[in-house]
Structures are given as C-alpha cells and as structure tokens.
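Subject: Structure for you to look at

Hello,

Here is the structure I said I would pass on. Please open it alongside this message, as the notes below refer to it throughout.

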Amino acid sequence: MAAKPIRIAVLKFSHETVTFLPYDTTEADFTFEGSPAKGEALLAAEPRSYLGGFVKVAREFDGVELIGIESPLEAKTGSGSGWLTRDTYEHFVARMIAGIVADGPFDGVYMALHGAMAVRGVPRPEAELARRVRAIVGPEAFIAATFDPHGNEDAEFLRHANLAFTVKYFPHYDDYLQGERAARTLVRAIRGDYRPATVTIKVPIISPTVLQWTGASPWMDLVQRALTWEAREPDVYVNFFFGFPWADVPDVGMTFQVQTNGQPELARKIARDMAEAAWRKREALVHTTKIHQIAYGVVLAAQAVANGRTPVVLADHSDRSGYATWLLRAIVERPLSKTLIATVTDAEAVDALLAAGVKPGDPFDRAIGGRADVSAGAPVRIRGTVLRVTKGLGRNDGDHWIHVGFGDGNVLLLSRYLAQVIETRSLIEAGLDPDAFDVIALKSRVHFRRGFDDTGFARTILLVEPDEPFLGTVRLEGLPYETVDLQAYYPYGNPAFEIPD
Ligand SMILES: [Zn+2]
C-alpha cells in the first residue's frame, strides 16, 4: 500500500548576531547572486550542511515532496555584523510566509536556523518565525528545525515547533548529520510514528565561545553524555546549546532540550541529568583554554619558533569584525619572520586597490585595517609588495584577498570580508604553501582546530586577545549588556540553580 504523499516546505533563515557590533545587518547583506534562493536552488544550496543532510534523507522516503520556499542564504558579512534591523527580518519572513501560503498546504515544515539571530524589537526571532509559520500551516502540521550549538534558545521555540536538532561538536562537524536526523524524524512524525514529547531546561551558565571547544573536557564529557543517552534510549535526541554570549538577548546562555517519542517523563529525566551534570562541572567548563594577551602570545610564538616547535598557530579569537589590527601590530613590532597573517579585513582598501587595477609586483604602502569600531584598533601601515590577488573565502564574487609580502618572509592577506580560515586547504587554494611559514596568525576561536589542530598540522597553538576586553573577549564583564544581567549567570554571579519537579 502506498503511503499518503507528504509535502514538506523547506526554508532557511540563519544568522549568528553579535549585538555589540556597531553596524546593523540589513537586507543587502543577505542579497547577492543566488540569494535569496527558492525551489531546487535552495534545496541544493548547502549540499554538505544541514540542508544537504535534510534533503538527502527526506528524498529516501517514497512519496515525500520537498518545496524550497524563498529564503536568504548565509549573509555576506558572516557573523561579522550586528543586529538585524526589524525591516530586514520582516521582509524575509513575509516572503517566506507568502511562499508557504502560495505553495501550501503542507504536512511539515523544515527550517534551517542558527539560534543566535538577534533582531531589533523581536526578542526571540526563531521562535517568532515558528509562531508565524504555525499560524499558516495549522496545528496538525509538524515543524522541525536544525540549530547551531551557539544558539540562544529557551522553551519558546518548541511551543510553536515540534522538533529541533542541534549540532553537538565544536568545530561543527555534525551539521549534515543533524539535517539527516531532522528529515527522518519529521517524516516519521508526519506518518504518526514519532510523537514528539520534549523538555527544555536552561542552565544559568554563560561562557565565551573560545572556551566551548568540544575537544576538551568537560565540554567533551557533556557531548559524550548526550550521545550515551541517545544510544541507550531509542528515539531520544539530546540538544546541547552552549549559547552565544555576544548577544544582549533575553534567552542567552546554556540550554538543554530533550526529545522523546511520546515519553515526557523520560525527556524530563534526561534533561535534568544533562543540566545537573553541566552545573556540577561549571567551574571546569569556564576554564578549558588558556587565553594570552596578544603581546605575550607573540613572545610565546617567537619562543616556539626558536625551539623548533613550528608551525605555530596564533589565533586572535576575539575579532568579530575582521578589521582588528592588534595582532598584526604586535607581529610587526616584534618583529616575527615567516609569518602569515590571514586575514585583516579592510573593504575600503580592497575596493580602492581593485579599482586601481592592483597587480602582482606593485609596491604596497598603506595603513590598513582598524577603524571599524574601537575593538578593531588603529590602522597599521604596511610597506611591501603585492604578491597576488585571489578570490576570498566568501560565496559572493566581491570577496577578494590581496596578498602583500613584507618584512622577513611575512605575508599579509587583506580581505574584503571577515575571513575565518579553518582549513589549510583554503590557503593552498589561494596559492600559498602553509608549510612555508613558521607562524600562521588567524582570526578564529575554535573552528580553526578543524584544519590546524585535529589534522596534526600545528605543533604550537596559542589563543590570544587584546589587552582591553573588547566585544569578543573572554572577560564578558567588560561588555555593555543592557538586557542580560550577568549576575544571573555563573561565573559572573553565583545564581542558585534548582530544577523544579
Ligand atoms: Zn556555532
């Protein structure tokens, strides 16, 4: 007997918003060649990520039809831009709702979300999107979503949606897998084979993302604990949101969600177990990784080079705009040799150089970077030679890297947009030999471990941040929160934590 045909609307609206950045995220940031996307173009937009996993598995079921609803892809600015304006959010959500109305009715909806989107005037944008979608598809349809572990979520989302699947590892290794799980469980729910019974518990811990590397305990232990619950109980899914602290929003901080097949008591038991385990380990959770101030980190890098412990990765984890020059300045002043700086963002400089027809061999003498806001510091003057011009990391054509050779074997990559280099492959594709450098200076917190640590590439890894606690700092008390009361979160206050029965 053929199963009843199933129609699923697929949409995407994802942003990790740093609300302390001074410039808003706008419609233009989400609008470029290929974005917004709909239909097959949307379904094929991210073959290796959440969407790809969802589409792959949903199509393994007979009689499932996927309809790509017009959606913006990842913003050009990545996570390097601030609050979404209300107009931006309303514009894209209105398009989505109109698409769902036009192409409906639907048995299910899948939404590729992040969880740390922050919109001026909309306190919980993902939950609000779910609420509006629910109003269109009705109470019988099932709504499922995938999330990034840096989402700031509370119980509100699952009041309107039925299912959520969150990446467990940082670096984010399992996004495709979570898309697959979302597809399978959504189809099962629509067919009456999975009855979502979920529990959400927030834990009053707030932590800078650089400390949330799941390659280290106790983050690793909590991931393992979640995996163990999923292994020992059929149809259980455990979501562990680490939280995203650079957002002045009401649902900031750590969250656990547990989903079961019609077993609310089991969901509660597991959520309580996870939350209590995290709370017991709270002190260790916020002391996982040593963060050096930049000047000292550069001294340690020079020592590592002298001792032959190369290559050294110097990661400025705190730069959220890409424009920060603190590390570049320290490298120039030391000076370090055979050092690759990847990258310093300066859109104005890149545009001016491209407009002037920059080419290899051109002399280079320009003050670059800084200025974006106080956390970016002052521009640093670099005198050298243009080595080459390559395409940048971004998906949009306007993204370029200008390679500048200077000093004793140093190379600066000047980028049009914030670039988080997480794989050595990105450097090789840009014509660089990563092995040719003693030191590689990156703008990354944890993602770089994918290509530079987990592969065994770097022999020395040093995480650094500027002296002052700027917006990406581990010293959250230095940030101008207005909505968030840090005293309500460990380790900034000493909140009581009791889970009601
Ligand atoms: Zn993330």
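What follows is a short account of the whole chain, then the zinc site, then one of the sheets. Please keep in mind that this is a predicted model.

Whole chain

The chain holds 14 helices and 17 strands. Its radius of gyration is 23 Å, close to the 23 Å that the globule rule gives for 501 residues, so the chain is as compact as a globular protein of that length. Along the principal axes, the C-alpha atoms fill a box of roughly 70 × 50 × 40 Å. Of the 501 residues, 61% are buried. Taking the contacts between residues at least 6 apart in sequence, 75% join residues at least 24 apart.

Zinc site

The zinc ion has protein donors from Asp148, His150 and His172. Asp148 is listed twice, each time through an OD atom, while His150 gives ND1 and His172 gives NE2. These donors lie 2.0 to 2.7 Å from the zinc ion. The arrangement of the 4 donor atoms is irregular because the angles they subtend run from 53 to 142°; to count as tetrahedral, all angles would have to lie between 85 and 135 degrees.

In sequence, the donor residues follow the spacing D-x1-H-x21-H. Aspartate 148 and histidine 172 are 24 residues apart and link distant parts of the chain. Aspartate 148 sits in the loop between strand 4 (142-147) and helix 5 (157-160), and histidine 172 in the loop between strand 5 (163-166) and helix 6 (175-190). Both aspartate 148 and histidine 172 are buried.

A three-stranded sheet

Further along the chain there is an open sheet of 3 strands in the order 6-8-7, with antiparallel pairing. Strand 6 (196-203) and strand 7 (237-241) are its edge strands, each pairing on one side only. On average, neighbouring strands in this sheet are turned by 15° against each other, direction ignored.

Strand 7 and strand 8 (residues 254-261) run antiparallel and are joined by 5 bridges. One residue pair to look up is phenylalanine 241 and its bridge partner in strand 8, threonine 255.

Helix 8 (residues 264-280) lies across strand 6, strand 7 and strand 8. Against strand 6, helix 8 runs at about 20°.

Regards

Key
Residues are numbered from 1 along each chain as its sequence is written. This is a predicted model: local features need pLDDT of at least 70, side-chain atom pairs count only at pLDDT 80 or more; totals for chains, interfaces and linings use all residues. Side-chain values use heavy atoms; hydrogens and water are left out. Donors are N, O and S atoms within 2.8 Å of the metal (3.2 Å for Na, K and Ca); water is not among the atoms, so sites may look incomplete. Four donors count as tetrahedral if all angles lie between 85 and 135 degrees; four count as square planar and six as octahedral if opposite donors are over 155 degrees apart and all others between 65 and 115; anything else is irregular. Helices (H or I, at least four residues) and strands (E, at least two) are DSSP runs, numbered from the N terminus. Buried means under 20% relative accessible area, exposed over 50%, partly exposed in between (1.4 Å probe, protein chains only). Two strands pair if DSSP finds at least two bridges between them. Axes are lines fitted to C-alpha atoms, for helices over the stretch in contact, and angles run from 0 to 180 degrees between N-to-C directions. Contact means heavy atoms within 4.5 Å. The radius of gyration is taken over C-alpha atoms; the globule rule is 2.2 Å times the number of residues to the power 0.38.
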